[in-house]
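Reader: Could we go through how the helices pack and what makes up the core? Please begin with the helix pairs.

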Amino acid sequence: MDSPIKEQLKAFALGLPGAWEDHPWGESAAKVGKKVFAFFGVPSTGFGMSVKLPDSAEAILTMPFARPAGYNLGKSGWVEMHFTDDDAPPIDLLLDCVEESYRAVAPKTLVKELDARDA
């Protein structure tokens, strides 16, 4: 069963302009166009996600729950974050990370649509 925080983050991600859900390698992923901007893992104990953070990766990687993403994706700014069922993930920070990742891969027209929606 997925955690409520994971479901909240997925709902936020899928509410971004042009976003849709895919399931590569059995994982739940949020995409815009053909590009993934967030991986939410597979249903399991605890919660984890991976996002592309071109601006904040360095700061996020100083936190105990974060590490560079595997498969050499860390070199491109992808960060994995893992939490146990007993952790209290910083939801506002995670929402910001999802949005940063979206902005990093989304077409400029969709980013402008997001900016207009948020204005």
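Author: In this predicted model, helix 3 and helix 4 are oblique to each other, because their packing angle of about 140° falls outside the range over 145 that counts as roughly antiparallel.

Reader: How far apart are the axes of helix 3 and helix 4, and which residues make the contact?

Author: The axes of helix 3 (residues 91-105) and helix 4 (residues 108-118) are 9 Å apart. Helix 3 contributes Glu-99, Tyr-102 and Arg-103, while helix 4 contributes Leu-110, Val-111, Leu-114, Asp-115 and Asp-118.

Reader: How do those contact residues divide by class?

Author: Four are nonpolar and four are charged, with no polar residues.

Reader: And at what angle does helix 1 pack with helix 3?

Author: The angle is about 35°, with the axes 10 Å apart, and the crossing is right-handed. Ile-5, Gln-8, Leu-9, Phe-12 and Ala-13 of helix 1 meet Ile-91, Leu-94, Leu-95, Val-98 and Glu-99 of helix 3. This contact has eight nonpolar residues, one polar and one charged.

Reader: Turning to the core, how many residues are in the largest one?

Author: The largest nonpolar core has 30 residues, and Phe-37, Met-49 and Met-81 have the most contacts inside it. Among the elements that give it two or more residues are helix 1, strand 4 and strand 6. Helix 3 provides the largest share, six residues.

Reader: What does Met-81 touch?

Author: Leaving aside residues up to four places away in sequence, Met-81 touches residues including Phe-47, Met-49, Ile-60, Phe-65, Leu-94 and Cys-97.

Key
Residues numbered from 1 in each chain as written. Predicted model: local features only at pLDDT ≥ 70, side-chain atom pairs only at ≥ 80, totals over all residues. Heavy atoms only, no water. Axes fitted to C-alpha atoms, helices over the stretch in contact; angles between N-to-C directions. Helix = DSSP H or I, 4+ residues; strand = E, 2+ residues; numbered from the N terminus. Parallel < 35°, antiparallel > 145°, perpendicular 65-115°, else oblique. Contact = heavy atoms within 4.5 Å. Nonpolar A, V, L, I, M, F, W, Y, C, P; charged D, E, K, R; others polar. Core = buried A, V, L, I, M, F, W, Y, C linked by side-chain atoms within 4.5 Å. Buried < 20%, exposed > 50% of the residue type's maximum accessible area, 1.4 Å probe, protein only. Left-handed = near helix turned anticlockwise from the far one by under 90°.
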